[in-house]
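Got the model open in your viewer? Let's walk through it stop by stop, with something to select at each one.

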Amino acid sequence: MLSSLLVGAATLLAVGALLLSVAVAWYWPQLPPLTKVTDYRPRQHLQVFTADGVEIAQFGSERRIFVPVSQVPQRLKDAVLAVEDSDFYVHGGISWRGLARAALARVSGGRMQGASTITQQVARTFFLNMRRTPERKIKEVLLALQIERQLPKDRILELYLNQIYLGQHSYGFAAAAQTYFGKTLDQLSLGETALLAGLPQNPIYANPVVDPERAHQRQLVVLGRMQAVGLISAAEREAAAREPLVAPDSARAVVNAEHAAEMVRRAVVERLGERAYSDGIRVYTSLRADDQRAARAALRRALLAHEQRQPWRGPEDHDKLPDDPAAALRAAAALLKEQRDDDELRAAVVLSASPTLVTALIATGEVVSVKGDGLREVRAALSPKASDELAVRPGAVVRVMQQGAAARQGKDAGQAVAAWQIVQWPLAEGAFVALDPQTGRIRALVGGFDFGESQFNHVTQAWRQPGSSFKPFLYSAAFEHGVMPETRVDDLPLPANDGQPLSWNPSNSDDKFDGEMTVREALVRSKNLVSIRLLRQIGLRAAHEWLARFGFDMAREPDNLTLALGSGSVTPLQMAGAYAVFANGGYRVSPVLIERITDARGEVLFQAPPAAAPDEASRVIPERNAFVVKSLLADVTRRGTAARAQAALGRSDLYGKTGTTNDAYDAWFAGFQPSVVAVAWIGYDDPASLGERESGGGLALPVWIEAMSRMLRGVPVQPLVPPAGVVDMNGEWRYTEWAEGGFIERIGDARLPDPTASQPASGTPVPGTGGPPMAPSAPAMPGADAPQSR
């Protein structure tokens with residue numbers, strides 16, 4: 001009997017050996033060359049950083065940060081080997097003990113166990129698919145044996161640690177550490193290390209984003225293995241298991257600069273082609289992380305505040321929910337998956353609704369309650385008589401937001417979580433850009449409310465009417481044509497042309513006229529009729545020639561008197577560059593966003609040249625001209641239409657001008673402190689009124705103030721120092737050659753040309769983002785400040 005068993009076993013072994021030999025002979029020629037692992041060139045995504053090293057974007061299908069094995073913390077290597085391949089440094093690529101254990105479990109009807117070594121996983125990751133077939137397993141074993149013969153163990157482990165997929169588009173442990181914890185590998189705690197080490201088994205469905213509980217259970221397995229092989233003590237295991245696993249604090253770690261990042265992506269792809277997405281290219285921009293955060297928060301806050309003054313438009317979507325509460329929750333969760341969520345404006349499905357209380361499910365699984373002031377926008381929509389289009393009822397998809405500062409500080413501040421309110425996604429758009437007037441380096445750039453909603457970059461692509469924020473450039477031209485700040489000009493209606501009525505009859509924002517006033521006072525109070533008379537005084541051709549010095553596209557500026565009211569087209573970035581000329585004393589600077597581009601090895605592929613030292617050859621306006629204009633703009637921010645600026649920021653070195661176009665289609669504030677120029681704009685993509693009482697001073701100026709409060713933190717006040725060529729005469733500045741007089745002391749109408757000679761055409765398209773032209777019945781003063789524009 002025994003001899004028969006031995007013969008049978010020997011026969012089986014012989015047959016098995018024969019089959020294995022046949023399989024090897026069959027599959028060996030089919031094996032791919034090992035170039036992918038012997039000459040490893042990891043696909044590394046394009047990364048974009050702020051000047052202070054904070055990542056703002058990643059582009060590419062694989063998010064990977066290559067780390068040499070020598071720089072990987074030993075604790076991470078130990079954790080991975082403990083749970084994936086504890087015999088890694090002993091076996092030759094195949095763990096026969098592991099194979100036997102897996103086979104025994106399969107035969108006994110137990111749970112299928114993996115038997116792949118680290119080397120086999122490397123073979124599978126680089127060369128094979130994930131289908132569980134005998135062919136794949138045989139090839140995996142053969143490739144593993146080849147890899148072991150050609151590469152040292154540490155190199156194989158390095159391939160594994162950098163190539164393996166770990167969920168959420170992250171490849172390799174360094175990328176996963178950033179994705180799940182916002183940390184580098186050397187910053188990971190034991191608990192975080194164990195959680196990452198457990199991801200390879202099921203990275204898609206058991207990662208802490210998709211299923212935190214499953215990720216935690218796998219973490220406990222890793223910690224148990226580490227204790228079992230003597231890497232950690234029981235006390236360390238228990239402490240690590242209790243660690244709170246917290247994702248990166250988005251308010252602190254993330255810098256939202258998607259529009260700027262897209263500008264970078266396009267520039268890099270234009271320079272490097274498709275290799276930009278795979279060669280580990282790193283781009284360092286001139287953006288400053290804190291400035292960018294402050295600018296984005298300020299713009300979003302202003303747009304949300306404006307939206308809360310608009311009528312309720314109704315839910316974004318609606319579906320009927322089942323009557324059973326549990327089934328309703330499941331249906332609401334399914335409906336939420338179809339909605340686009342936002343960190344602040346959370347998509348929510350209404351579960352119950354009454355005039356005093358609304359409950360709704362948000363994507364986190366939390367059921368939030370909205371009551372009191374949180375229902376202010378939807379009170380009428382909660383009435384039983386509300387129309388189906390507007391009604392807020394169970395199954396409605398709405399937006400909810402936490403109210404007030406407590407919402408931003410949250411539980412970390414030790415306060416109760418702020419109350420929720422129902423809000424709407426803003427329809428108005430906005431832009432903010434800040435740059436260094438000496439170098440042109442862009443410090444902050446916010447191209448719109450939300451990049452996911454609209455990729456249109458309003459900083460660089462929105463050609464809009466600047467309104468009165470354009471006036472300082474005309475005043476600058478006037479100062480080179482004999483006008484001084486004390487020149488007196490009539491703020492009166494334009495006179496009739498030889499007794500005939502005017503076809504164009506511009507007025508001021510308040511429809512009032514204050515008679516004769518100085519040029520300084522006219523800019524401080526944004527008087528339209530004075531600006532028109534100044535333009536008539538210097539002439540359109542001379543004005544165009546002067547404006548071109550600031551970088552304006554003169555093909556987009558009108559060749560008629562509406563130029564005085566800012567009826568041409570500019571972008572916010574163009575305005576920032578133009579105001580920089582005043583800020584730096586008369587020099588044009590080119591905006592710079594990309595400072596440096598490096599490859600994966602850190603070699604510099606591109607370096608932006610340093611800003612050229614200013615000299616008289618590069619000067620575009622006289623220093624004294626810039627100084628006199630600044631003195632006027634300081635009065636605007638002290639006592640004029642932007643008086644809130646100096647009052648709110650508590651400093652005197654602020655200069656700027658509000659701008660509100662006809663019927664408040666566009667709201668602007670452009671201004672500077674000597675170290676930073678910033679421009680804020682708000683308007684609709686399809687030009688329409690922002691509201692009867694809206695203005696640049698009410699909408700754009702608060703954005704500028706909030707952002708600048710962060711940018712100017714710790715910056716000392718810089719007094720306005722007069723340059724050569726000006727003299728103070730009785731409290732007003734004059735050019736030196738006019739100290740004793742000779743400048744134009746008064747501008748009237750008697751000798752001025754016919755103001756109706758060139759009129760804006762009815763139905764002229766409104767500059768912007770491709771919107772329709774103004775209707776012929778629209779007011780005929782396209783660049784004037786609207787009411788309440790101060």
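**Starting at a salt bridge**

Select Glu 521 to begin: with 21% relative accessibility it counts as partly exposed, a label for anything between buried (under 20% relative accessible area) and exposed (over 50%), using a 1.4 Å probe and protein chains only. Now add Arg 639, because the two side chains form a salt bridge with their closest N and O atoms 3.1 Å apart; the term means a side-chain nitrogen of Lys or Arg within 4 Å of a carboxyl oxygen of Asp or Glu. This pair links distant parts of the chain, with Glu 521 in helix H18 and Arg 639 in helix H22 (residues 623-639), 118 residues apart. Arg 639 is partly exposed too, at 36% relative accessibility.

Before moving on, a note on what you are looking at. This is a predicted model, in which local features need pLDDT of at least 70 and side-chain atom pairs count only at pLDDT 80 or more, while totals for chains, interfaces and linings use all residues. Residues are numbered from 1 along each chain as its sequence is written, and side-chain values use heavy atoms, with hydrogens and water left out.

**Next door: Asp 514 and Lys 527**

Select Asp 514 and Lys 527, whose side chains meet in a salt bridge at 2.7 Å, N to O. Asp 514 sits in the loop between E14 and E15, and Lys 527 in the loop between helix H18 (519-524) and H19, 13 residues apart. Which of these is buried? Colour by accessibility and you'll see that Lys 527 is, with a relative accessible area of 0%, whereas Asp 514 is partly exposed at 36%.

For a contrasting stop, jump to Arg 601 and Glu 603, a salt bridge with the closest N and O atoms 3.8 Å apart. Here Arg 601 is exposed, with a relative accessible area of 66%, and Glu 603 is partly exposed at 45%. Now go back and select Asp 491, Asp 514, Arg 520, Glu 521, Arg 525, Lys 527, Asp 635, Arg 638, Arg 639 and Glu 732 together: salt bridges that share partners join them into one network. The structure holds 40 salt bridges in total.

**A three-stranded sheet with a helix across it**

Switch to cartoon view and find the open sheet of three strands in the order E15-E14-E23, with mixed pairing. Strands here are DSSP runs of E, at least two residues long, and helices are runs of H or I, at least four, numbered from the N terminus; two strands pair if DSSP finds at least two bridges between them. Strand E15 (515-518) and strand E23 (744-747) are at the edges with a single partner strand each, so one side of each has no neighbour in the sheet. From one strand to the next, the twist averages 15°.

Zoom in on strand E14 (residues 483-491), which runs antiparallel to E15 and is joined to that strand by four bridges. One to look for: Asp 491 has Gly 515 as its bridge partner in E15. Then show helix H19 (residues 528-538), which lies across E14, E15 and E23 at about 115° to E14; angles run from 0 to 180 degrees between N-to-C directions, with axes fitted to C-alpha atoms (for helices, over the stretch in contact).

**A five-stranded sheet**

Where next? Look for the open sheet whose five strands run E2-E1-E5-E16-E17, again with mixed pairing. Its edge strands, E2 (55-59) and E17 (604-607), each pair on one side only. Select strand E16 (residues 594-598) and you'll find three bridges to its antiparallel partner E17, with Arg 596 standing opposite Gln 607.

**An enclosed helix**

Select helix H3 (residues 74-84). Eight of its eleven residues are buried, so H3 is largely enclosed by the rest of the structure. Among the buried ones are Leu 76, Val 80 and Glu 84. What do they pack against? Show helix H5 (118-127), helix H7 (153-163), helix H8 (173-181), H9 and H10; contact means heavy atoms within 4.5 Å.

**Last stop: the surface**

Turn on the surface and select Tyr 205, in the loop between helix H9 (190-197) and helix H10 (212-228). Tyr 205 counts as exposed, at 52% relative accessibility.

Finally, zoom out to the whole chain, with its 24 helices and 23 strands. Buried residues make up 53% of the 790 in the chain.
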